[in-house]
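Here is a short report on aromatic contacts. It goes through ring pairs, their exposure and one charge placed over a ring.

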Amino acid sequence: MEELTLEKFEEASERVKEVTLETKLVYSEYFSAQTGNRVYFKPENLQYTGAYKVRGAYYKISTLTEEEKSRGLITASAGNHAQGVAYAAKLAGVKATVVMPTTTPLMKVNRTKNYGAEVVLEGDVFDEACAHAYKLAEEHGYTFVHPFDDLDVATGQGSIAMEIIKELPTVDYILVPIGGGGLCTGVSTLAKLLNPKIKVIGVEPAGANCMQESLRQGQVTTLPQVTTIADGTAVKRPGEKLFPYIQANVDDIITIDDNELIVAFLDMVENHKMIVENSGLLTVAALKHMKVEKKKIVSILSGGNMDVITMSSIVQHGLIQRDRVFTVSVLLPDKPGELARVSALLAQEHGNIIKLEHNQFVSINRNAAVELRITMEAFGTDHKNQIVAALTNAGYRPKLVKFKGTYSEI
């Protein structure tokens with residue numbers, strides 16, 4: 001395991017400064033208060049390409065021979081690595097081809113093209129796109145740049161640890177998202193070289209915990225399937241070359257359920273005014289799983305490339321999860337003035353109505369003949385319960401309606 005040396009990390013850290021924006025640590029009063037620790041964020045979501053991936057791509061390209069570069073580069077990616085390679089190749093004056101799954105959002109395809117790369121759409125998932133990229137590399141003699149299972153790429157990603165430790169030498173814990181393991185390999189290996197006391201915690205989606213499973217088995221293991229909204233870390237099999245470094249340098253793995261990412265997105269938008277993609281939110285959600293206090297913790301926000309439709313959906317789900325939006329059904333007598341009476345009661349309890357559905361044909365019993373479905377905003381669970389109690393006390397027998405998908409389906 002001598003390939004990842006301090007000298008290489010130092011070289012990579014200087015080299016990547018040519019293409020990265022300075023992402024200074026952001027202290028979080030909100031999460032520090034929530035967890036009893038001193039919490040900082042490393043905001044790689046603010047990089048020019050919207051993610052840390054440009055670091056590994058640029059350093060990898062800088063290590064290639066002129067002959068390797070002249071053949072052109074090829075890679076496979078569904079998003080952040082694609083943009084990192086495309087941008088790094090453009091700055092290095094090298095031709096790049098990126099194979100992306102046919103399911104890749106148009107925004108990511110266009111942004112990759114805008115950085116000057118040729119985009120080939122192939123396969124439904126990353127694994128199929130990657131197989132096609134290897135085939136094209138063989139056919140055309142391209143130099144392949146792997147998204148994660150490459151020690152030079154991992155060294156470039158490790159420059160993040162160099163910056164964290166220079167800015168916060170007394171850091172106790174660094175939380176790192178894991179997909180294939182490139183970022184975590186670089187960060188954990190360099191952190192341990194600089195200060196073995198620093199604990200590095202890998203964070204994976206519960207539905208794509210390939211590294212956790214591999215560590216449990218003691219060998220690189222392929223998951224039968226992955227299911228997570230954290231698409232940037234939806235990897236079935238971690239990197240073979242990286243695995244020994246993860247075994248040696250990562251202190252623990254935390255797994256996160258998708259619904260925790262939804263709440264973390266809301267927290268970051270409301271408290272830090274930052275857009276962070278689901279994979280980057282893994283380390284935010286993990287803060288609540290840390291069984292420590294009064295420690296200095298850095299969460300790496302790996303990226304911020306999220307399309308607006310996904311954002312909209314996550315905000316809606318998050319508000320509902322937090323009881324900030326909810327729906328109740330009440331039965332009213334079929335007579336004038338009842339709707340006004342309910343509205344007045346809700347106004348008194350400071351419930352803000354989003355939508356009303358008034359159905360007169362629920363029952364032939366005119367004493368409880370009208371169903372009224374009310375979707376409203378509340379301040380949280382306590383306020384919601386207060387509103388429901390007020391409706392109950394007024395004799396309306398409210399029933400909470402389960403959320404299905406969007407506001408229109410509540």
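The text below takes the aromatic rings in turn.

This is a predicted model. The structure holds 7 aromatic pairs. One of them joins Tyr30 and Phe31. Their ring centres are 5.0 Å apart, with 90° between the planes. The pair is edge-to-face, because planes over 60 degrees apart fall in that class. Tyr30 and Phe31 also belong to one aromatic cluster with Phe41.

The rings of Tyr134 and Phe144 make another pair. Here the centres lie 4.1 Å apart and the planes meet at 15°, so the pair is stacked. The cut-off for stacking is under 30 degrees. This pair links distant parts of the chain. Tyr134 sits in helix α7, residues 126-140. Phe144 sits in strand β6, residues 143-144. The two residues are 10 apart in the chain.

How exposed are these four residues? The table gives the relative accessible area of each.

| Residue | Relative accessible area | Class |
|---|---|---|
| Tyr30 | 24% | partly exposed |
| Phe31 | 1% | buried |
| Tyr134 | 43% | partly exposed |
| Phe144 | 17% | buried |

Phe144 counts as buried at 17%, because the limit is under 20%. Tyr30, at 24%, is partly exposed. In the edge-to-face pair, Tyr30 is partly exposed and Phe31 is buried. In the stacked pair, Tyr134 is partly exposed and Phe144 is buried.

One further contact involves a charge. Which ring lies under the charged end of Lys384? It is the ring of Phe326, whose centre is 5.9 Å from that charged end.

How values were computed. Residues are numbered from 1 along each chain as its sequence is written. This is a predicted model: local features need pLDDT of at least 70, side-chain atom pairs count only at pLDDT 80 or more; totals for chains, interfaces and linings use all residues. Side-chain values use heavy atoms; hydrogens and water are left out. Rings of Phe, Tyr and Trp (its six-membered ring) pair if their centres lie within 6.5 Å; planes under 30 degrees apart count as stacked, over 60 as edge-to-face and the rest as tilted. Buried means under 20% relative accessible area, exposed over 50%, partly exposed in between (1.4 Å probe, protein chains only). Helices (H or I, at least four residues) and strands (E, at least two) are DSSP runs, numbered from the N terminus. A charge sits over a ring if NZ of Lys or CZ of Arg is within 6 Å of the ring centre and within 35 degrees of the ring normal.
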